Amino acid sequence: MKKIELTREDILHLAKLSSLKLTDQEVEKYCNQLGETVEFVKNLKELKTDVVIPTSQITNLTDVFFTDGETNKRVLTKEKATENAKYKKEKYFVVKRIM
Amino acid sequence: MNKLTKFKPVIGLEIHVELKTKSKMFCQCEADYFGKEPNTNTCPVCLGLPGALPVPNRKAVERTILIGKALDCKINKISKFDRKHYFYPDLPKGYQISQYDEPIAVKGKLSIFNNQYSNQSQNSNSEFDKNFRITRVHLEEDTGKLLHVGSDTLVDFNRSGVPLVEIVTEPDFDNSDDVKVFLEELQTIIRYLGVSDADMEKGTMRIEPNVSLIKLNLLQLKNVKRVPGNPKGSVKLPKYKVEVKNINSFRFVKDAIDYELERQIALLEKGITPKQETRGYDPDKKITFGQRSKEEAHDYRYFPEPDIPPMTFSEKFIAEIKVPELPQERLDRYINKFGLREQDAFVITRSLQTTNYFETIITDKVVQEFKAKKKISNLEDHVAKIIINKKLSTDLQVRAFIKKTLEMLQPKETDEKLLNALIDRLIEASSKAVEDYKKGKENAIMYLVGQVMREMKGKADAKIIISKLKAQISNPQLKSKN
Ligand SMILES: [Zn+2]
């Protein structure tokens, strides 16, 4: 299969957007693998789409709302809310200082 | 001012207003997060847990339409939400649900009346009313709150997902005074609509001005002078703009803009184009400062929110959302119907609480009956002055306020006999004042009036006293006594 060449910069940019840390080897690896993947997606181009209306919705629903002040059935206790956090302090989630 | 003849300021505004709904924007958590223990007001939706499905709050959508209508916007018949991506710890999903190319409302305007210009000769012939174009009004969700402590940043998601309306103006402003007046008007409107406290200090209203300058030749300057929104007068926008964030009062917005204009002019005069950036504002030092830019800030990768179906608004639905009387209309009504002076009408209409209190008093049945019976045609003006001059506090219960007001407005009934006797006595006792008056010292009579008033404990009409005093002093019978 013919494949698209992705550059190191492409991969690093995508890694940044995905919040991933990649080693040099991984960058190399993804240059190849991701190129193949993108090439595969290109198969879609074989489909005749000129009569299909573009959409971002597939449910055909419109105007789905809830009523303000409805009972909250999903509220989490403070223990539950922070339960899965890697770092927490008292009731807060904690990240490395950003400012 | 002199420097500005070479560079014309180009200022636009981004205003965020937190809506006062019961629930958050996309979940049923409480929108009121003030004073709550951290992370006690969250659910899978506003914590951005995988698989949680956001559903829009109908009231928040209606209130955004209401703001759009109040700002003379066109309400889009079809509107949708989009995802705006960026990484910051206050945003648990890695994206904010916002609106991109199909916002709820577009193309509005807001007029202000900035009477500062009445003193400027260059504008003496022009209208003081100015229009500023509103680009769009859209709906999004607020982020969590960050607290920086030591080497940590603490995150509280109680505010995450609170409905947030963004109002964007065209860069139609050319001075910070207009910005301040515009913001005060907008805040008053928002409060009249009852959709938000719009409190700068509490952060339920936030302003981000963007500031730049364009170099103009003299001819262009003439053409663009104070015609915001006029396409004929428009020139190409500058190639850069500086956004100022984290400002928590209108005064600081003005100061920040003034500082930025000075800073940028200094650069431009040296031939340097200011850097496109986001700056913070330090109110103590009255300066703006460069902030570390959010990485990839302009790669938001907007795309339609697949989890929320589009919204469609029928003509009927839009028409049923009614805009109440707005501050400017109310001000006009007070002037035209009640004969209030413009500055009095302005003071009363600025605060929703004050104007509503005023309305309650003047429309009260007892007050209306009193007005008709005593034929006090300018009763409303009297009530306005009582409020403005703080003769009575608007903290009073309505009934108590009305009782005291009616006492104050009760025409003075003078006990004629008592008054005549008193005047005679006083004239005899105060020969010095009487002599002074006769010698032409008009003021001397006021001393006597004061004496009479004191004796009568205020239960006499000053005009009647003066005329009686004058008559008695020039009474020949009295003269012969001397
Ligand atoms: Zn929630």
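This briefing walks through the contact between two protein chains, A and B, and then a few spots within each chain. The model is a predicted one. Chains A and B bury about 4,000 Å² between them, and three salt bridges cross that interface. Over all chains, the structure holds 46 salt bridges.

**Where chain A meets chain B**

- On the chain A side, 34 residues are in contact with chain B, and on the chain B side 54 residues are in contact with chain A.
- Carbon and sulfur atoms give 58% of the roughly 4,000 Å² that gets buried between the two chains.
- Three residues to look up here are Phe65(A), Phe66(A) and Arg74(A): together they supply 19% of the area that chain A buries against chain B, more than any other three residues.
- There's plenty of polar contact too, with 23 residue pairs counted between chain A and chain B, both partners being at pLDDT 80 or more.
- Several elements of chain A help build the side that touches chain B: helix H1 (8–17), helix H3 (78–81) and strand S2 (92–96) each supply at least two residues.
- Strand S2 of chain A gives the most to that side, with five residues.
- For a salt bridge to look at, try Lys91(A) and Glu37(B), whose side chains meet at 3.1 Å, N to O.

**A nonpolar patch on chain A**

- Leu14(A), Tyr30(A), Leu34(A) and Val38(A) make a nonpolar patch of about 280 Å² on the surface.
- Helix H2 of chain A, which covers residues 24–41, gives the most to this patch, with three residues.
- Leu34(A), one of the patch residues, sits in helix H2.
- Leu34(A) counts as partly exposed because its relative accessibility is 30%, and partly exposed covers the range between under 20% and over 50%.

**Chain B as a whole**

- Chain B is 482 residues long, and 48% of them count as buried.
- You'll find 16 helices and 16 strands in chain B.
- If you take the contacts in chain B between residues at least 6 apart in sequence, 73% of them join residues at least 24 apart.
- Chain B exposes about 24,700 Å², and carbon and sulfur atoms supply 51% of that area.

**A buried threonine in chain B**

- Thr349(B) belongs to helix H7 of chain B, which covers residues 342–350.
- Thr349(B) counts as buried because its relative accessible area is 0%, while the cut-off for buried is under 20%.
- The side chain of Thr349(B) reaches the backbone oxygen of Ala345(B) at 2.8 Å.
- Leaving out neighbours within four places in sequence, the residues in contact with Thr349(B) are Thr188(B), Tyr192(B), Pro327(B), Arg330(B), Leu331(B), Tyr334(B) and Thr355(B).

**Salt bridges inside chain B**

- Glu315(B) and Lys77(B) form a salt bridge, with their closest N and O atoms 3.2 Å apart.
- That pair links distant parts of the chain, 238 residues apart: Glu315(B) is in helix H5 (residues 315–320), while Lys77(B) is in the loop between strand S2 (74–75) and strand S3 (78–79) of chain B.
- Glu315(B) counts as exposed at 56% relative accessibility, whereas Lys77(B) is partly exposed at 38%.
- Another salt bridge brings together the side chains of Asp197(B) and Lys202(B), at 3.5 Å, N to O.
- Asp197(B) is partly exposed, with 29% relative accessibility, and Lys202(B) is partly exposed too, at 38%.
- Asp364(B) and Arg399(B) also form a salt bridge, and here the closest N and O atoms are 2.8 Å apart.
- Asp364(B) is in the loop between helix H8 (352–363) and helix H9 (365–374), and Arg399(B) is in helix H11 (residues 398–409), so this pair ties together parts of chain B that are 35 residues apart in sequence.
- Asp364(B) counts as buried at 12% relative accessibility, while Arg399(B) is partly exposed at 47%.
- Finally, Glu260(B), Arg263(B), Lys275(B), Glu277(B) and Arg279(B) are joined into one network by salt bridges that share partners.

Conventions. Residues are numbered from 1 along each chain as its sequence is written. Chains are lettered from A and ligands numbered from 1 in the order in which they are written. This is a predicted model: local features need pLDDT of at least 70, side-chain atom pairs count only at pLDDT 80 or more; totals for chains, interfaces and linings use all residues. Side-chain values use heavy atoms; hydrogens and water are left out. Patches are made of residues with over 30% relative accessible area and no salt bridge: like charges are joined within 9 Å, nonpolar side chains (Val, Leu, Ile, Met, Phe, Trp, Tyr) within 5 Å. Accessible areas come from the Shrake-Rupley method with a 1.4 Å probe; for residues, only the protein chains shown count as cover. A salt bridge is a side-chain nitrogen of Lys or Arg within 4 Å of a carboxyl oxygen of Asp or Glu. Helices (H or I, at least four residues) and strands (E, at least two) are DSSP runs, numbered from the N terminus. Buried means under 20% relative accessible area, exposed over 50%, partly exposed in between (1.4 Å probe, protein chains only). Contact means heavy atoms within 4.5 Å. Buried area is the accessible area (1.4 Å probe) that two parts lose on being put together, summed over both. A polar contact is a pair of N or O atoms within 3.5 Å; within protein, one must be able to donate a hydrogen and the other to accept it, and residues adjacent in sequence count only if both atoms are side-chain atoms.
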